[in-house]
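This briefing introduces one protein chain to a reader who has not met it before. Please look over the sequence and the model first, and then follow the points below.

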Amino acid sequence: MKLPNFPRWRALFALLGAAALVACDNNGSQVEPVVPPLTDSTYSADIVWTEYGIPHVVAKDWGSLGYGIGNAFAQQNFCTYMRDVVRANGQSAELLGDDGNLAFDFVMKLYNTDEA
C-alpha cells in the first residue's frame, strides 16, 4: 500500500519532532531561555594619544585600566600579536606563506603537544 504524499508526511513529522526537541527538555517541561545576568562591572577608560603615538590611559578602577591598556595595545599591535600567535601555534608556513618557517612550525607543534 502506497501512502499519498509520503515526502510531505515525512517532512511534517520531522518538523514536529524538531519543534518538540527544541521546546522541551528530557522531563517534558518547557525550557526557559538562558539570559546572562546584567552586571554593573562594565569597563570604561579614556585613551588620549600624543602626537608621537603614546597612549595615556585614565580609568576609575584597575579593571577599566586593564581594559584601556589592552585596547590601546590592540590598536597599535594587533597584526604583530596575531603573527606571534600563528607562529606559536605552528601554523606560520600554512598561513603566512613566504614569511612562514616550516622547521620552526615543526618544533612548535612538538613543543605544544600534550603527549609524553
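How many salt bridges does a search of the whole structure find? The search finds 1 salt bridge, and it is formed by D99 and R83, whose closest N and O atoms are 3.7 Å apart. Because D99 lies in the loop between α3 (92-95) and α4 (102-111) while R83 belongs to helix α2, the pair ties together parts that are 16 residues apart in sequence. The model is a predicted one, and the points below should be read with that in mind.

**Overall layout**
- The chain contains 4 helices and 2 strands, and from the N terminus on these elements follow one another in the order α-β-β-α-α-α.
- Of the 116 residues in the chain, 7% count as buried, and the accessible surface comes to about 10400 Å², with 61% of that area belonging to carbon and sulfur atoms.
- Among the contacts in the chain with a separation of 6 or more, 9% are accounted for by residues that stand 24 or more positions apart.

**The two strands**
- Strand β1, which covers residues 45-49, pairs in the antiparallel sense with strand β2, which covers residues 55-59, and the pairing runs over 5 bridges.
- V48 stands opposite H56, a residue of β2.
- The hairpin of β1 and β2 has 5 residues between the strands, and in this hairpin G53 takes a positive phi near 85°.

**Helix α2 and its surroundings**
- F73 is found in helix α2, which spans residues 62-88, and with a relative accessibility of 42% F73 counts as partly exposed.
- F73 also contributes, together with F78, Y81 and M82, to a nonpolar surface patch of about 410 Å².
- R83, the partner of D99 in the salt bridge, is likewise placed in helix α2, and its relative accessible area of 32% makes R83 partly exposed.

**S92 and its neighbours**
- Is S92, a residue of helix α3, buried or exposed? S92 is buried, since its relative accessible area is 1%, and the cut-off for counting a residue as buried is under 20%.
- The side chain of S92 takes part in a polar contact of 2.6 Å with the side chain of D105, and the side chain of S92 also reaches the backbone nitrogen of N101 at 3.2 Å.
- When residues up to four places away in sequence are not counted, S92 touches V86, R87, G97, G100, N101 and D105, so that N101 and D105 appear both in this list and in the polar pairs just described.
- S92 and F104 are 12 residues apart in sequence, and from C-alpha to C-alpha they are 8.4 Å apart in space.

How values were computed
Residues numbered from 1 in each chain as written. Predicted model: local features only at pLDDT ≥ 70, side-chain atom pairs only at ≥ 80, totals over all residues. Heavy atoms only, no water. Patch = residues over 30% accessible without salt bridge, like charges linked within 9 Å, V, L, I, M, F, W, Y side chains within 5 Å. Areas by Shrake-Rupley, 256 points an atom, 1.4 Å probe, with all protein chains shown as cover. Salt bridge = Lys/Arg side-chain N within 4 Å of Asp/Glu carboxyl O. Buried < 20%, exposed > 50% of the residue type's maximum accessible area, 1.4 Å probe, protein only. Pairing = 2+ DSSP bridges. Contact = heavy atoms within 4.5 Å. Polar contact = N/O pair within 3.5 Å; in protein donor to acceptor, adjacent residues only side chain to side chain.
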